[in-house]
Amino acid sequence: VRAKGKVIFEAEGKPKRFSGTLQDVTDEYEVERRKDEFISVASHELKTPITSLNASLQILQKLVKTEQVTDKFKMFTAKAANNLSKLVHLLDDLLNVTKIQQGQLALSKNRFNLVELVKDSCEHISPGSDHEIAVTGVDELMVYADYRRVDQVIVNFLSNAIKYSPQSKNIDVILEQEGSNAKVTVCDYGIGINPEKLPHLFDRYYRVDALGHQFSGLGLGLYISADIIKRHDGNIGVDSQWGEGSQFWFTLPIDQ
Ligand code: ADP
């Protein structure tokens, strides 16, 4: 039951009366539960054929390098690999959400320099995009965290910054120490976000103007990122100026 209204108290502070509405939300929860269950089953069903396709394509890509093949063969192999990699990322997000829902997204922590991770991520993402990424700030931010999962958050921020700034090609990444926390901020100068929508950005499946969206996506990246950062005792957030750009940031405790 969802209650909306207020409780009237007696002078001694004891609750006397509730004034408002009670709504039966059993159906709503049931719909949510079925949606989660469907996503869990569908993503597990997709996993086997996609993994097998991936293995076959890797063999084809090796053949392209070592055998005499036509240019057409090369082109179609590259196209298939490119699209399959997008599919693998979408499937990864769906599987991650199911793991989060079931409390099974395991963390494997090590001590490392967050600055090096950020620089590596930027270098990996740069060749595939025509955006210029500039990294500034401190040289060392030691953290005790799950390297792969934190990388996932940074890659998510960077790919969103690229995706949602089709006109402006600059991205700034700022590395700072704020008290006992390491802070990473990714700034883009793209479409920005309507202030009314900001509170929902990290919700599951949330996409601004989902129906009229000209950009592809499932609305899961920020939800997964928020879960990863919260489970490291960090914070995640965003500032944005509509039509001018956004600054997505996260913090992680410094490991002394
Ligand atoms: P998606 O797969 O839709 O990009 P995310 O969870 O990563 O999912 O982001 C949720 C929504 O937040 C996006 O659909 C988009 O509307 C908005 N958003 C995320 N990053 C940015 C950004 N850098 N600039 C503008 N809007 C953004």
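**Figure 1. Polar contacts of the ligand with Asp-188, Arg-207 and Leu-222 in the predicted model**. A nitrogen atom of the ligand lies 2.9 Å from a polar side-chain atom of Asp-188. The side chain of Arg-207 places an N or O atom 2.7 Å from an oxygen atom of the ligand. At Leu-222 the partner belongs to the backbone: a polar backbone atom is 2.8 Å from an oxygen atom of the ligand. The ligand taken alone exposes 530 Å², of which the protein buries 96%.

**Figure 2. The shell of residues around the ligand**. The ligand is surrounded by 21 residues, the closest being Asn-160, Tyr-164, Asp-188, Arg-207 and Leu-222. Two or more residues of this shell are given by each of helix H4 (147–163), helix H5 (221–230) and strand S9 (245–253). Helix H4 provides the largest share, three residues. By character, the shell comprises 10 nonpolar, eight polar and three charged residues.

**Figure 3. Surroundings of Val-208 in the loop between strand S7 and helix H5**. Val-208 is located in the loop that lies between strand S7 (181–188) and H5. Because its relative accessible area is 22%, Val-208 is classed as partly exposed, the limit for a buried residue being under 20%. Beyond its neighbours within four places in sequence, Val-208 is in contact with Ile-193, Lys-197, Leu-201 and His-213.

**Figure 4. Separation of Val-208 and Gln-152**. The C-alpha atoms of Val-208 and Gln-152 are 21 Å apart in space, and the two residues are 56 residues apart in sequence.

Methods: Residues numbered from 1 in each chain as written. Predicted model: local features only at pLDDT ≥ 70, side-chain atom pairs only at ≥ 80, totals over all residues. Heavy atoms only, no water. Near = heavy atom within 4 Å. Polar contact = N/O pair within 3.5 Å; in protein donor to acceptor, adjacent residues only side chain to side chain. Areas by Shrake-Rupley, 256 points an atom, 1.4 Å probe, with all protein chains shown as cover. Helix = DSSP H or I, 4+ residues; strand = E, 2+ residues; numbered from the N terminus. Nonpolar A, V, L, I, M, F, W, Y, C, P; charged D, E, K, R; others polar. Buried < 20%, exposed > 50% of the residue type's maximum accessible area, 1.4 Å probe, protein only. Contact = heavy atoms within 4.5 Å.
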